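Welcome! Here is a small set of exercises with worked solutions. Have a look at the structure first, then try each task before you read on.

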Amino acid sequence: MQSFGDKMITRTFKVSKKLSLNNKRVVKLLEQAVLLTSKVYEDQMKRGFYPKGVSKEKLQAASKNTPEILSPYFIVTGKENNFKAIPYHEAYEDLLTPISEKLQQAGNICTNATLKKYILTRAKALRDGTYEEADKAWFLVRNTDIDFYIGPFEPYQDKIFFKKRAYQGFVGFIDKIESQEVDKLKNALYSSAKMSSEKNHSTDIPKKGVHIFVEDILITSGYLSEVLFSAEFYPLEVDFLKEHGSRVVFYKSQLEYKFEKLLYPIFQSIFEKRFASRYSKELLFKAAFYNICLYEFSLQLHQYGSGKNRLNDLYGIIDEANGFVSGIQHGKDLVIKGLIDEVLLEAIIIIHILWILADWMMYKYTKGKESHIIGNSMIIDDYFAKGALNVHNGISWPNFYRIFFEIEDMADDLVYLLKEGSYKQAEEFIKKNTALESFKKLEGNLKTINANI
Amino acid sequence: MAKNTQKNLHPVRRGSKSVYVTSKGLSDAKLELALLKGQKRREVAERIQKAREYGDLTENSEYDAAMEEQTLVENRIAELENILKDAKVIQDVPKSDFVVIGSTVVIEMNGEEDEFTIVGRVEADPSKKRISNESPLGSSLLGAKPGESVEVTTPIVRYKCKVLEIK
């Protein structure tokens, strides 16, 4: 693993996979390209997206004449009255060129025509900023287990507007059997949503196709690596998603790692022993996987075109919190339809609590997850306040029914904010509900767990 | 999540009581069993043999994967044999004025519409709109008439659901 400061910006995992000699060379080059991507991310974090100390208001005013200031793929330099917006592919050219060259080499020797085209298109996008073309080529890749991504993607590190993208990358092997299993889960969950009027969700993306890829991961780098994501959907542009659907990638290796190093140790530390003995490690891992599936499926239902611009820097907080609560809310459909049993749903709720605590513990080392932490604090504080969770030397028996009730209530509020709420309403909601001190109730039980993973 | 090749399985209320299947479900189950006992068993045996030839079994992922698949195939064979032993065939259902196994129903739940067919558990596949008669939703709907509301209750989840139409 590679790090700068306390941050892990490259993670590698052992994956056993039989490949032809040529594919081995392709994968090796892709891995090298992903490794180099960490350098771009490191540079972004050191330089920042905007001039140091500049205010949001000044940038907003300047963007009227120079709209690129607010573009996801431009960095801003200069001083007030003389801001300059430089496209990423020019600003980071020195670091991007060797990555693009590695991809070019991989593309040249790749024998799968669709993968070849994708690799070469992605190489070009790093040189000229044609990211959408690369995403389109990615969606057309067929007949291969090899998957990868390199580019500017998540906006969490832009603390001013939640727009500027941080570089990241991964290489993985698609597990077709598990992808099919998750696809069934998705279809069961979306089957009623697709028929319904848009009461609590938008069906635009599921109708175009939510494509599932569960992957054994060889390497991750950049933001995705730093915060140890277990899954992400690509791309983020709502217009693209509405036209082409989405690609949800599950980073199984990162989930396994997070489970072993954090989720399970937290489970062992905070729950009453008599209660904890009801849930096996195997069941909890399955629940962790389902939890992240429900979270990602839920995000697909709540991508409203205007949300990001309306809620601006608060979008991440609302979106993250909603992903978790709406995900579990949808989980009940799976119970009543007989796809999962109630013990698994209980385990999913337990994992939901563990996940919140794990992210809080990691926050000390990965400040990029600030929006997650604020959103999560609103959820867990609600459980404490309403008596769904009680703490006395750790968490005693959770009241699952009560938790479910609170989840539904909160999901309604969050979906409203994403769909049509104003910035002011979101601001008030966050101010009223954020309670970072809630995490401290369990601090004593978590002292022995190292979250710098 | 465990790899598996099982079809139409769900974890709800698996017991020794009778399993209801349509005549199509019965023939599908018989076909699957024959396939597993013949072609699939042969294929897995060949995979195991081939993997053995790669050498050292302790570092041989192909061998592990093949053995895992063999376990899954044998488990599924045992399961299908049990299902077929206890299966009760449901005759083709004429349109009824209340919900029975085999009915396709349109319901309203939580402000949203949904449509599915209620089948025996061996044929259940919620991703294809086939819900088991033993699932909380399926069992609550049996006997309900159009316009009637039923409550789907489990210790955690409570839903009210209205039957809009029986097809």
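**Exercise 1. Where do the two chains meet?**

Find how many residues of chain B are in contact with how many residues of chain A, and describe the chain B side.

Solution. Keep in mind that this is a predicted model.

- Step 1: Count both sides. On chain B, 29 residues are in contact with 28 residues of chain A.
- Step 2: Ask which elements of chain B contribute. Two or more residues each come from helix H2 (61-86), strand S4 (112-119), strand S5 (130-132) and helix H3 (136-141) of chain B.
- Step 3: Pick out the largest share. That is S4(B), with 4 residues.
- Step 4: Sort the chain B side by class. The side that touches chain A has 13 nonpolar, 8 polar and 8 charged residues.

**Exercise 2. Does chain A have the radius of gyration of a compact globule, or a deviating one?**

Solution. Begin with the parts, then turn to the overall dimensions.

- Step 1: List the elements. Chain A has 19 helices and 9 strands.
- Step 2: Compare with the expectation. A compact globule of 453 residues would have a radius of gyration near 22 Å, and chain A agrees because its own value is 22 Å.
- Step 3: Look at the box. Along the principal axes, the C-alpha atoms of chain A fill roughly 55 × 55 × 50 Å.
- Step 4: Check burial. In chain A, 52% of the 453 residues are buried.
- Step 5: Check how contacts span the sequence. Taking contacts in chain A between residues at least 6 apart, 75% join residues at least 24 apart.

**Exercise 3. Describe chain B and its two domains.**

Solution. Work from the whole chain to the parts.

- Step 1: Count the elements. Chain B holds 3 helices and 7 strands, and along the sequence they follow the pattern β-α-α-β-β-β-β-α-β-β.
- Step 2: Check burial. Of its 167 residues, 25% count as buried.
- Step 3: Check the contacts. Among those in chain B between residues at least 6 apart in sequence, 53% join residues at least 24 apart.
- Step 4: Divide the chain. Domain 1 of chain B covers 19-90 and domain 2 covers 104-166. Their centres, taken over C-alpha atoms, are separated by 31 Å.
- Step 5: See how the domains touch. In chain B, 8 residues of domain 1 are in contact with 6 residues of domain 2. On the domain 1 side, strand S1 (19-22) and helix H1 (23-53) of chain B each supply at least two residues. S1(B) gives the most, with 4 residues.
- Step 6: Sort that domain 1 side by class. It has 6 nonpolar, 2 polar and no charged residues.

**Exercise 4. At what angle do helices H13 and H16 of chain A cross?**

Solution. Two packed helices are described by the angle between their axes and the distance between the axes.

- Step 1: Read off both values. The axes of H13 (residues 281-301) and H16 (residues 342-363) of chain A come within 8 Å and cross at roughly 75 degrees.
- Step 2: Name the arrangement. Angles of 65 to 115 degrees count as roughly perpendicular, so H13(A) and H16(A) are roughly perpendicular to each other.
- Step 3: Find residues that meet. From H13(A) they include A:Leu283, A:Leu284 and A:Tyr290, and from H16(A) they include A:Ile348, A:Ile351 and A:Trp355.
- Step 4: Sort the contact by class. It has 11 nonpolar, 2 polar and 1 charged residues.

**Exercise 5. Inspect some backbone details.**

Solution. Most residues other than glycine have a negative phi, and most peptide bonds are trans.

- Step 1: Look for a cis bond. A cis peptide bond joins A:Tyr234 and A:Pro235, with omega about -20 degrees. A:Pro235 sits in the loop between strand S8 (231-234) and helix H10 (238-244) of chain A.
- Step 2: Look at A:Leu228, whose phi is positive, near 55 degrees. A:Leu228 is in the loop between helix H9 (223-226) and S8 of chain A.
- Step 3: Is A:Leu228 buried or exposed? A:Leu228 counts as buried because it has 22 C-beta neighbours inside 10 Å.
- Step 4: Turn to B:Lys129, which has a positive phi of about 65 degrees. B:Lys129 lies in the loop between S4 and S5 of chain B. With 18 other C-beta atoms within 10 Å, B:Lys129 is partly exposed.

Note on methods: Residues are numbered from 1 along each chain as its sequence is written. Chains are lettered from A and ligands numbered from 1 in the order in which they are written. This is a predicted model: local features need pLDDT of at least 70, side-chain atom pairs count only at pLDDT 80 or more; totals for chains, interfaces and linings use all residues. The radius of gyration is taken over C-alpha atoms; the globule rule is 2.2 Å times the number of residues to the power 0.38. A residue is buried if 20 or more other C-beta atoms lie within 10 Å of its own, exposed if 12 or fewer, and partly exposed in between; C-beta atoms are placed from the backbone. Two residues are in contact if their C-beta atoms, placed from the backbone, lie within 7 Å. Ala, Val, Leu, Ile, Met, Phe, Trp, Tyr, Cys and Pro count as nonpolar, Asp, Glu, Lys and Arg as charged, and the others, Gly among them, as polar. Domain bounds come from an automatic or database domain assignment. Axes are lines fitted to C-alpha atoms, for helices over the stretch in contact, and angles run from 0 to 180 degrees between N-to-C directions. Angles under 35 degrees count as roughly parallel, over 145 as roughly antiparallel, 65 to 115 as roughly perpendicular and the rest as oblique.
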